[in-house]
Amino acid sequence: DHTVLRVRSHGEEIAGGHAGVLDNSRVIGNFGNETEDAVVRGDVQRNINSGSAFFDFFDGMAARAMHISGPIGKELDSLADMVSFGIAPSVLAYQVFAFINEDALYGFMIAAIIAIFSALRLAKFNCDERQHLSFIGLPTPSNAIFWIGLTYVVRINSILNWTQQNQTLATSLWVILVLIMSALLISEMPM
């Protein structure tokens, strides 16, 4: 039997005590796992990102089951999601670009669009009361899974050879994919 303390902060009640610490520590553990995503490259990065998706799914489910969710946990979860499912896909998209084209600054600027639109999507999700049972717009984990899959596909020798032989077309397709996926993140389409 544990006691949950209620603390008022800026007019909102926040779950505190041991249960609140437990809930927030899961989110912070998820964030710690995810921060590695932004700096680790290759297969290790994709595996860590998959682990982040696992923790992201279960930390929310555990908080709801224990009835200890609160605004701090929600904000920490969004911050962790931004790293795993916003910044990490930008890094993966940049890696795809690096296979195709050597213009690093151009690739970085276009890949950064994914992180920007992921931040917009997460902010929109936190403010949108319509998204309790379903999503409106592409969820950031789905976008991350797309870019993880694309890095595997591009590494196939025949595709890698094609992209290097058709650099202009491959670069254009990459830019179009970044723009389409980013637009889907903030779209009003139910997903």
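Here's a quick look at the nonpolar core and the two largest pockets of this structure.

It's a predicted model, so local features need pLDDT of at least 70, side-chain atom pairs count only at pLDDT 80 or more, and totals for chains, interfaces and linings use all residues. Residues are numbered from 1 along each chain as its sequence is written, and side-chain values use heavy atoms, with hydrogens and water left out.

**Core**
- The largest nonpolar core (buried Ala, Val, Leu, Ile, Met, Phe, Trp, Tyr and Cys joined through side-chain atoms within 4.5 Å; buried is under 20% relative accessible area, 1.4 Å probe, protein chains only) has 20 residues.
- Helices H3 (71–100), H4 (104–127), H5 (140–154) and H7 (167–185) each supply at least two of them, and H7 gives the most, with 6; helices here are DSSP runs of H or I, at least four residues.

**Largest pocket**
- About 1100 Å³ of space lies in the largest pocket; a pocket is an open set of 1 Å grid points where a 1.4 Å probe fits, with protein on both sides within 12 Å along at least five of seven lines, and lining residues have an atom within 4 Å of a point.
- Of its 32 lining residues, Gly60, Arg64, Asp77, Phe125 and Phe135 are the closest to the centre.
- H2 (42–65) gives the most to this lining, with 7 residues.

**Second largest pocket**
- This one holds about 180 Å³ of space, and Trp174, Val96 and Thr163 are among its lining residues.
- H7 gives the most to the lining here, with 4 residues.

How values were computed. Buried < 20%, exposed > 50% of the residue type's maximum accessible area, 1.4 Å probe, protein only. Helix = DSSP H or I, 4+ residues; strand = E, 2+ residues; numbered from the N terminus. Points joined across faces, edges and corners; volume = space filled by probe spheres on them.
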